[in-house]
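Colleague: Please show the sequence and the structure, and then let us discuss the strands and the ring contacts.

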Amino acid sequence: KESLSIVEIDKGSILPEHSHPHEQITYVVEGQLDMIIGGEAYSLKAGSVHVIPSNVPHSAIAPVDVRVIDCFSPVREDYR
């Protein structure tokens, strides 16, 4: 089972580095999200998809308003 969520992130938001036991798939619906995933920099724009493996540290900055769809496996019980 998975958790699926639509997340709206305001321009200028900083998501500090963190990790979790869930695999995360992030799809950028609109905008841009600049991420550091496992020490590598990625600039994800509308239509981009990135898989973040379990327990890999990642962070993000939103240079513009952005909307993403995040899928987590297994289910994120803390999101219920």
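Modeller: Buried denotes under 20% relative accessible area, exposed over 50%, and partly exposed in between (1.4 Å probe, protein chains only). Strands (E, at least two residues) are DSSP runs numbered from the N terminus. The model is predicted: local features need pLDDT of at least 70, side-chain atom pairs count only at pLDDT 80 or more, and totals for chains, interfaces and linings use all residues. Residues are numbered from 1 along each chain as its sequence is written, and side-chain values use heavy atoms, with hydrogens and water left out.

Colleague: Which side chains of strand β6 (residues 49-52) are buried?

Modeller: In a regular strand the side chains alternate between the two faces of the sheet. In β6, Val49 and Val51 point to one face and are not buried. The other face holds the buried pair, His50 and Ile52.

Colleague: Which residue of β6 is the bridge partner of Thr26?

Modeller: Two strands pair if DSSP finds at least two bridges between them. Strand β3 (residues 23-30) runs antiparallel to β6, with 4 bridges joining them. The partner of Thr26 is His50.

Colleague: Which are the edge strands of the open sheet β2-β7-β4-β5?

Modeller: The 4 strands of this sheet have antiparallel pairing. Those that pair on one side only are β2 (14-18) and β5 (40-45).

Colleague: Over the face of which residue does Arg76 lie?

Modeller: A charge sits over a ring if NZ of Lys or CZ of Arg is within 6 Å of the ring centre and within 35 degrees of the ring normal. Arg76 lies at 4.9 Å from the ring centre of Phe72.
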